[in-house]
Amino acid sequence: KVNRDLLMRKRNWIAVILLIAAVCLLGGCKKRAKEIETIATGIDVARYQGTIDWNRLATSSVDFAMVRLGYRSSDEGKIVEDVNARYNLQEAQKNDIMLGAYFFSTAVNEKEAQEEANWAADILDQYSITYPVAYDCEGYQEATSRQYGLTAEERTDIALAFLKQIEKRGYEGMFYASRNEMTDDAQWQVS
């Protein structure tokens, strides 16, 4: 029996890797120390993966990690740090695994998105980040989401506010979404 969640995560991260490659090919990323010019293998890490043995992972084929820093709760709109974020950042860096990060947003306006970006940058300032910092927004079509009912234009403006602020703080911003959400501006204004 095929694990659907695993397939979805794999497909989503393939999309992320392709998006990173496209941004870099179009000149959006600046080459930094330790970056490579070939295809890189990365992983998405958050509290769901538990405590990772980064020393063991460093001997594998993993080149980089995208670490979930935290999220904004969908009920109260409170920013919550991923319980393993700092451990993952610290241990990946200690084991020479290149780092990127992402924030799971439920911001309902540009001010909240900028707050999220500043919160993320305050944590990241302590680490050597060589990969992008991604804005991740999912579940906005669920009635329980704080973002339910926002238009594609409103969600896009919120995402751009996060990305502009994270870039003001010195990081390469990246927008994370599935290809289906972006094709023909289905859910986001990307054209």
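In this predicted model, a salt bridge joins the side chains of arginine 68 and aspartate 82, with N and O 2.8 Å apart. The two residues come from distant parts of the chain: arginine 68 belongs to strand β2, whereas aspartate 82 lies in the loop between β3 and α3, 14 residues away. Arginine 68 and aspartate 82 are both buried.

## Surroundings of arginine 68

Strand β2, which holds arginine 68, spans residues 64–72. The relative accessible area of arginine 68 is 6%, and the residue therefore counts as buried, the limit being under 20%. The contact with aspartate 82 also appears as a polar contact between the two side chains, at 2.8 Å. Leaving aside residues up to four places away in sequence, arginine 68 touches Val45, Ala46, Arg47, Tyr48, Asp82, Ala85 and Tyr102.

One of these neighbours, Ala85, is also one of the buried residues of helix α3 (residues 85–94). The others in that helix are Asn88, Leu89, Glu91 and Ala92. An α-helix has 3.6 residues a turn, so residues three or four places apart point the same way. The buried residues of α3 pack against the strands β1 (42–45), β2, β3 (79–81) and β4 (98–104), and against the helices α2 (54–57) and α4 (110–124). After α3 comes aspartate 96, which has a positive phi, near 60°.

## Salt bridges

Side chains of opposite charge can pair when their charged atoms come close. The structure holds nine salt bridges, three of which are set out below.

| Salt bridge | N to O distance |
|---|---|
| arginine 68 and aspartate 82 | 2.8 Å |
| glutamate 112 and arginine 72 | 3.8 Å |
| glutamate 112 and arginine 146 | 2.9 Å |

Where do the two partners of the 3.8 Å salt bridge, glutamate 112 and arginine 72, lie in the chain? Glutamate 112 is in helix α4 and arginine 72 in strand β2, 40 residues apart, so that distant parts of the chain are linked. Glutamate 112 has a relative accessible area of 14% and is classed as buried; arginine 72, at 3% relative accessibility, is buried as well.

Glutamate 112 also forms a salt bridge with arginine 146, the closest N and O atoms being 2.9 Å apart. This pair, too, links distant parts of the chain, with glutamate 112 in helix α4 and arginine 146 in the loop between β5 and α5, 34 residues apart. Through shared partners, salt bridges join Arg72, Glu112, Glu115, Glu116 and Arg146 into one network.

## Aromatic pairs

Seven aromatic pairs are found in the whole structure. In one of them, the ring centres of tyrosine 140 and tryptophan 188 are 5.5 Å apart; the planes stand at 85°, so the pair is edge-to-face. Tyrosine 140 lies in the loop between β5 (133–136) and α5 (152–168), and tryptophan 188 in the segment after α6 (179–182), so this pair links parts of the chain 48 residues apart. Tyrosine 140 and tryptophan 188 are both buried.

Which geometry is found for the rings of phenylalanine 175 and tryptophan 188? Their centres are 4.8 Å apart and their planes meet at 70°; because this angle is over 60 degrees, the pair is edge-to-face. Phenylalanine 175 sits in strand β6 (residues 173–176), 13 residues from tryptophan 188 in the segment after α6. The relative accessibility of phenylalanine 175 is 14%, which counts as buried, and that of tryptophan 188 is 1%, also buried.

These pairs form part of a wider arrangement. Ring pairs link Phe103, Trp119, Tyr135, Tyr140, Phe162, Phe175 and Trp188 into a cluster. Tryptophan 188 has a charged neighbour besides: the charged end of arginine 155 sits over its ring, 5.2 Å from the centre.

## The protein as a whole

The secondary structure consists of six helices and six strands. Read from the N terminus, these elements follow the order α-β-α-β-β-α-β-α-β-α-β-α. The protein has 191 residues, of which 43% count as buried. About 10800 Å² is exposed, and carbon and sulfur atoms supply 50% of that area. Of the contacts between residues at least 6 apart in sequence, 73% join residues at least 24 apart.

Key:
Residues numbered from 1 in each chain as written. Predicted model: local features only at pLDDT ≥ 70, side-chain atom pairs only at ≥ 80, totals over all residues. Heavy atoms only, no water. Phe/Tyr/Trp six-rings, centres within 6.5 Å; stacked < 30°, edge-to-face > 60°. Helix = DSSP H or I, 4+ residues; strand = E, 2+ residues; numbered from the N terminus. Buried < 20%, exposed > 50% of the residue type's maximum accessible area, 1.4 Å probe, protein only. Lys NZ or Arg CZ within 6 Å of the ring centre and 35° of its normal. Polar contact = N/O pair within 3.5 Å; in protein donor to acceptor, adjacent residues only side chain to side chain. Contact = heavy atoms within 4.5 Å. Areas by Shrake-Rupley, 256 points an atom, 1.4 Å probe, with all protein chains shown as cover. Salt bridge = Lys/Arg side-chain N within 4 Å of Asp/Glu carboxyl O.
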